[in-house]
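Student: I'd like to learn how to read a model like this one. Can we go through it feature by feature?

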Amino acid sequence: MGFWETLGVATITAMLAWVGFAVNAHLLRQAEKDKALQAEKRATYKRLMETLFNALSIAKAIDKQEVIKDLELEFSVLIREMTVYASDDVFKKWIQFKTVGKDPAPEELLAIVGSLILSVRRDLGHDSVGVTTRDVLATFVNDIESVNLPSVDQ
């Protein structure tokens, strides 16, 4: 093999190595971003779940006004976090929850909350095959089987 052939092979090898390094560096940066985003999602979704359950416990609260004030603060933080960190599906369910209206039927509100929680589960990696909105709601609504849940999926 002559000088020019050797130089050509060496150049091609160096270029392939450089491209491999660049692709690897890009994939590593993307993985780091995804990991950071996933951590933020988990924290946001944990806050969402705590706030939803606090809202459900308002009926048991002695000082309802204090609980409502705390919930308003929590929801103001959640609005920002959900806008930035929620997946598209969770974000749409969040909007549906936030725009349900002033006096929704309890069944409609339960269905929306259950659908939101199910979307959060999927976004966190659960395939949720065979898990329904009713199953999710059964974890905190004792008589969910007797509730006629409307379809709220868009």
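**Reading the packing**

Tutor: Let's start with a helix and its partners. The buried residues of α4 pack against α1, α3 and α5. Keep in mind that this is a predicted model.

Student: Which residues of α4 are buried?

Tutor: Look for residues with under 20% relative accessible area. In α4 these are Leu110, Ala111, Ile112, Val113, Gly114, Ser115, Leu116, Ile117, Leu118, Ser119, Val120 and Asp123.

Student: And how do I check the span of α4?

Tutor: Compare the end-to-end distance with what the residue count predicts. α4 has 18 residues and reaches 26 Å from its first C-alpha to its last, close to the 26 Å expected at 1.5 Å a residue. Just after α4, Gly125 takes a positive phi of about 110°.

Student: Next, the core. How many residues are in the largest nonpolar core?

Tutor: The largest nonpolar core holds 26 residues, and Leu48, Met82, Trp94 and Phe97 have the most contacts inside it. Two or more residues come from each of α1 (3-56), α2 (64-85), α3 (88-98), α4 (106-123) and α5 (133-137). The largest share is eight residues, and it comes from α4.

Student: Let's pick Trp94. What is Trp94 in contact with, leaving aside its neighbours within four places in sequence?

Tutor: With those neighbours set aside, Trp94 touches Leu48, Phe75, Leu78, Ile79, Met82 and Leu116.

Student: How do people find pockets?

Tutor: Rolling a probe the size of a water molecule over the atoms shows where empty space is left. In this model, the largest pocket has a volume of about 710 Å³. Its lining has 21 residues, and the closest to the pocket centre are Ala55, Phe75, Phe97, Val100 and Leu109.

Student: Which helices supply at least two residues each of that lining, and what kinds of residue are in it?

Tutor: α1, α2, α3 and α4 each supply at least two. By type, the lining divides into 16 nonpolar, one polar and four charged residues.

Student: One last residue, Leu149. Where is Leu149 placed, and is it buried or exposed?

Tutor: Leu149 lies in the segment after α5. Leu149 counts as buried because its relative accessible area is 17%, and the cut-off for buried is under 20%. Leaving aside neighbours within four places in sequence, Leu149 is in contact with Glu107, Leu110, Ala111, Arg134, Leu137 and Ile144.

Student: How far apart are Leu149 and Phe75?

Tutor: Give both kinds of distance. Leu149 and Phe75 are 74 residues apart in sequence, and 25 Å apart in space, C-alpha to C-alpha.

Key: Residues numbered from 1 in each chain as written. Predicted model: local features only at pLDDT ≥ 70, side-chain atom pairs only at ≥ 80, totals over all residues. Heavy atoms only, no water. Core = buried A, V, L, I, M, F, W, Y, C linked by side-chain atoms within 4.5 Å. Buried < 20%, exposed > 50% of the residue type's maximum accessible area, 1.4 Å probe, protein only. Helix = DSSP H or I, 4+ residues; strand = E, 2+ residues; numbered from the N terminus. Contact = heavy atoms within 4.5 Å. Expected span 1.5 Å × (residues − 1). 1 Å grid on protein atoms, 1.4 Å probe; cavity = no way out; pocket = protein on both sides within 12 Å on 5 of 7 lines; lining within 4 Å. Points joined across faces, edges and corners; volume = space filled by probe spheres on them. Nonpolar A, V, L, I, M, F, W, Y, C, P; charged D, E, K, R; others polar.
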